[in-house]
There are 2 protein chains.
Amino acid sequence: MATIKPRLLLALMETQATGGRRARLCAALREAVRSGQAVLGERLPSSRHLAQDLGLSRVTVEAAYAQLETEGYLRRQVGQGSFVAIDMNTTAPRKTDGPLRLAGAVGARPGLSARGQRMVETGGCHEPERPRAFVAGSPDLQAFPTGLWRQLLQRRLRQDAASLMFYGDPQGLPALREAIARYLGLSRGVRCHAGQVLVLTSSQQALQLLSATLLDDGDAVWMEDPGYAGARTAFSASGARLVDMPLDDEGATLDAARPAPRMIYLTPSHQFPTGRAMSLARRLAFIAHARATGAWLIEDDYDSEFLYDHQPTPALQGLDDLGQVVYIGTFSKSLFPSVRLAYMVLPEALIGPLVTARTIYDGHPSQPMQAVAADFMDQGHFAAHLRLMRQLYRSRRDALLQALHSHVPWATPMDSRGGLQMAVRLPEGSEQACTRQAAGLGVATPSLSELYHTAPAVAGWRLGFAALTPDAIDAAARALGRISAHGQYRG
Amino acid sequence: MATIKPRLLLALMETQATGGRRARLCAALREAVRSGQAVLGERLPSSRHLAQDLGLSRVTVEAAYAQLETEGYLRRQVGQGSFVAIDMNTTAPRKTDGPLRLAGAVGARPGLSARGQRMVETGGCHEPERPRAFVAGSPDLQAFPTGLWRQLLQRRLRQDAASLMFYGDPQGLPALREAIARYLGLSRGVRCHAGQVLVLTSSQQALQLLSATLLDDGDAVWMEDPGYAGARTAFSASGARLVDMPLDDEGATLDAARPAPRMIYLTPSHQFPTGRAMSLARRLAFIAHARATGAWLIEDDYDSEFLYDHQPTPALQGLDDLGQVVYIGTFSKSLFPSVRLAYMVLPEALIGPLVTARTIYDGHPSQPMQAVAADFMDQGHFAAHLRLMRQLYRSRRDALLQALHSHVPWATPMDSRGGLQMAVRLPEGSEQACTRQAAGLGVATPSLSELYHTAPAVAGWRLGFAALTPDAIDAAARALGRISAHGQYRG
């Protein structure tokens, strides 16, 4: 049988962009075999010969041959030389660069599971783009005390490096869980202890974990309509049947004739996207209905830190005595998105199961970020930051109200008492045309109507304002003012 | 109807540990209604009267009443006073502290879904305890260059704060994906570009995402036996049927008579827990079988950074031309556990679906940690750190071999060429007794036999050594030397 040509190995070495000489020679030898350019039984050049031809030291070639022997590509026989030891069974023509085709049947290509397919079909979740007028959902990161955060992080990494770098409690750092429980009790009327808090990377992870542990295929989940897309995606990706609840002035409507719910998802403090708070009577009615039907109530309190004209209504969780409410909160907006910290407050019966599920999902949250968040809260910086942000965002909310009033009178604010975005109603049938015109003027105007499902869609926008200066808000509103109420450009 | 007694409100205020006066009065008023101690229609004391009785300013009382009116607990009628506005329908005796019972039927208590129950029954995943002899699985965090890491982090947080604090690419920071692709190409023979890399928080998250997207209930997953518990947990939690593959000298055995696999899970570079490398012939056979049957091959390359006596065998992924291999790697051991960074290298067909699934699961990985990891790799610190750790761990591996030889001759090392732990075989039937004795001597000896399922269990231990000094290793081995081969304490 022939001997492998040194120039083949040289050519293959040259295709290896990186690595030392020995590594590149090893890679070339593997590639020669893998691609079928060197076949079972074929002899390799002697190390002396190859070293000469390739301008390498003989030690390098010997080392590469030894390595390839260890890996099973070659066998070396004393006095006889080195030979290709593996039958790649290639059907590719020899001495070409054609791709390897192992002999034997090639069956159906593997694909996604039915479950995976369903997940992909939801389209996934989409996080906000970088702030510009009027992208929705971003806090103002310029206003975050990054210097202070860095200092706290440095201090923690100096003091507790070994402990914070190690694996952590899958339920979350106890100090942070304590701080969260205190904060929620004081500011949100949540009745809980630190043992009920589960720290997660995002409220999306909370929704996903709840889907995985509380829902089976076909279970009915009652959803606000319009409502939060991330929740819809998580629940429908997991095979639940979504049952829409249209809204009235008191919040999501309760209709006992709907299919019995396994879960009811609510944003009672500040309905997403309309901004309304759910009435106390309606809250009590939902709790009573959840009791009667044995449903879980999920309270997503995603941005009640940012209410400007009144104290936020205490959490629905505080009204529940039978342990059927799961409360979700996040630091993505109250600190910053990449802190990757959110939390659930769990009824006692769910603590063990959800912590177990979390260990299967992704182990535990980042320890250093948790430690710094706990310090930030314990030292009063969190409360101070929220106070400041409420003032800042309130003035921007006011600027947006004023600018809309002056320049875009055909856009009618719905409830503007809080949040980082404002839902505005447009003249019926005009959303698409107005959005197209706005895009032409360089202004993003996230759709309101797309968040409606069974309920008749309201033409409108969700205008993000929290990360914009009053000037930027005014300029963008002026630009929108060049569009007519029906989406004509007026110049 | 009666007027609510100020002393009830005072008592309830005193149960509020925290908050200002107004907040505590608000909480007391809510609690009076919630608990049924104040019922629909009942009159509140006048604000003047209550202010006097409670020693508060009238402004405070007025503000609390206004807040409670906003929330729907009270209504205020000019000239008439303030009244409880909500019917809690309580069945609890009035004027007691008994818990609230909303009227109406209480149905079945909600529970976990069947899926959630299955997840809980796996028992979840367990991360290593803090290092001590011979807890398995922890790298040595003392040896990590924490000062350097802190500097890199500070620099990044100073330079790119706004960008790194914002939402990130759900696939992972491009700079880190580039660095991972380069590293894997050079060091592991993985053939990929940065677009195939998906950055995750842990290899556990990789396993869970693969379960969710590639497996349906009842799908057969071929597993090494003995094998990695975290993978078994993820796959069985998702409803897959596990099919055990006993090992022989070449690695996991391939038996075409087994139920056709939807997925084959392998640790070919360094089998967990035995430490063997899979032969090239066996690798090719698995690839051919995956092609013939349309199965996914999952290559978990969990610790091939730490092989001490030879270069690691290149990844199986590099032999695959049809895109059926998913490669998993982690920084938990090569950097530190709490960095919360791991990655998959995906075949082209899976990139879109897996990134979509990830957005539904938890959005995106932490940006600052990714940026620092990229810097650490790009500036050569990663390669240097791995070199140093290999030397350090090799000397500890040698110390363990020596100490076992001297003090515990009845514990026979299996394959000790790499890793952070060493599997040792014990005399048949002695594991339980020896482990009990070892625990009595304060030495942890993680079980080997518990990782066997269908295959006959081998009595043994997995002795963690990487985070222990040679002295600690020797002392613990001496302690074990006081046990006889059959688990008797010899004193």
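In which strand of chain B is the place of Arg75(B)? The residue belongs to strand E1, residues 74-77 of chain B. The model is predicted, and the values below are computed from it.

**Arg75(B)**

Arg75(B) is partly exposed, because its relative accessible area of 36% falls between the limits of 20% and 50%. Apart from neighbours within four places in sequence, Arg75(B) is in contact with Glu69(B), Gly81(B), Ser82(B), Phe83(B) and Ala85(B). Gly41(B) is 34 residues away from Arg75(B) in sequence, and the C-alpha to C-alpha separation in space is 9.3 Å.

**Contact between the chains**

Chain A puts 117 residues in contact with 117 residues of chain B. Between them the two chains bury about 9,700 Å², and 61% of that area is on carbon and sulfur atoms. On the chain A side, Met165(A), Tyr167(A) and Ile360(A) supply 9% of the area buried against chain B, more than any other three residues.

**Nonpolar cores**

The largest nonpolar core contains 144 residues. Those with the most contacts inside this core come from both chains: Phe134(A), Trp149(A), Leu335(A), Phe134(B), Trp149(B) and Leu335(B). A second core, separate from the largest, has 66 residues, including Phe235(A), Ala237(A), Cys125(B) and Ala237(B).

Beyond residues up to four places away in sequence, Trp149(A) touches Phe144(A), Leu335(A), Phe336(A), Val339(A), Met369(A), Val372(A), Ala373(A) and Phe376(A). Phe134(B) is in the loop between H5 and helix H6 (146-159) of chain B. The peptide bond that leads from Ala133(B) into Phe134(B) is cis, with omega near -10°.

Another cis peptide bond joins Phe272(B) to Pro273(B), with omega near 5°. Pro273(B) sits in the loop between E7 and helix H11 (280-293) of chain B.

**Helix H10 of chain B**

Why is helix H10 of chain B described as largely enclosed by the rest of the structure? Helix H10 spans residues 229-237, and 7 of its 9 residues are buried, so the helix is largely enclosed. The buried residues are Gly230(B), Ala231(B), Arg232(B), Thr233(B), Ala234(B), Phe235(B) and Ala237(B). Their packing partners come from both chains: helix H12 (348-361) of chain A, and H5, H9, strand E4 (220-225), strand E5 (241-248) and strand E7 (263-266) of chain B. After H10(B) comes Gly239(B), with a positive phi near 95°. Ala237(B) is also a member of the second nonpolar core.

**Cavities**

How many cavities of 30 Å³ or more does a search of the whole structure find? The search finds 10. The two largest are set out below.

| Cavity | Volume | Lining residues by class |
|---|---|---|
| Largest | About 200 Å³ | 8 nonpolar, 4 polar, 4 charged |
| Second largest | About 130 Å³ | 6 nonpolar, 6 polar, 4 charged |

The largest cavity is lined by 16 residues, and the closest to its centre are Arg115(A), Ala212(A), Tyr361(A), Arg115(B) and Tyr361(B). Helix H5 (114-121) and helix H9 (203-214) each give two or more residues to this lining, in chain A and in chain B.

The second largest cavity also has 16 lining residues; Thr201(A), Arg340(A), Ser366(A), Thr201(B) and Ser366(B) are the closest to its centre.

**Thr201(B) and the Arg340 residues**

Thr201(B) is found in the loop between strand E3 (197-200) and H9 of chain B. Thr201(B) counts as buried because its relative accessible area, 7%, is under 20%. Its contacts beyond four places in sequence reach both chains: Asp362(A) on one side, and Arg340(B), Leu341(B), Ala342(B), Arg358(B) and Asp362(B) on the other.

Arg340(B), one of those contacts, has a positive phi of about 50° although it is not a glycine. Arg340(B) lies in the loop between strand E9 (325-330) and strand E10 (342-345) of chain B, and is buried at a relative accessible area of 6%.

In chain A, Arg340(A) also has a positive phi of about 50° without being a glycine. Its place is in the loop between strand E9 (325-330) and strand E10 (342-345) of chain A. Arg340(A) counts as buried, at 6% relative accessibility.

Conventions. Residues are numbered from 1 along each chain as its sequence is written. Chains are lettered from A and ligands numbered from 1 in the order in which they are written. This is a predicted model: local features need pLDDT of at least 70, side-chain atom pairs count only at pLDDT 80 or more; totals for chains, interfaces and linings use all residues. Side-chain values use heavy atoms; hydrogens and water are left out. A nonpolar core is a set of buried Ala, Val, Leu, Ile, Met, Phe, Trp, Tyr and Cys residues joined through side-chain atoms within 4.5 Å. Buried means under 20% relative accessible area, exposed over 50%, partly exposed in between (1.4 Å probe, protein chains only). Contact means heavy atoms within 4.5 Å. On a 1 Å grid over the protein atoms alone, a cavity is a set of points where a 1.4 Å probe fits but cannot get out, and a pocket is an open set with protein on both sides within 12 Å along at least five of seven lines; lining residues have an atom within 4 Å of a point. Grid points are joined across faces, edges and corners, and a volume is the space filled by probe spheres set on the points. Helices (H or I, at least four residues) and strands (E, at least two) are DSSP runs, numbered from the N terminus. Ala, Val, Leu, Ile, Met, Phe, Trp, Tyr, Cys and Pro count as nonpolar, Asp, Glu, Lys and Arg as charged, and the others, Gly among them, as polar. Buried area is the accessible area (1.4 Å probe) that two parts lose on being put together, summed over both.
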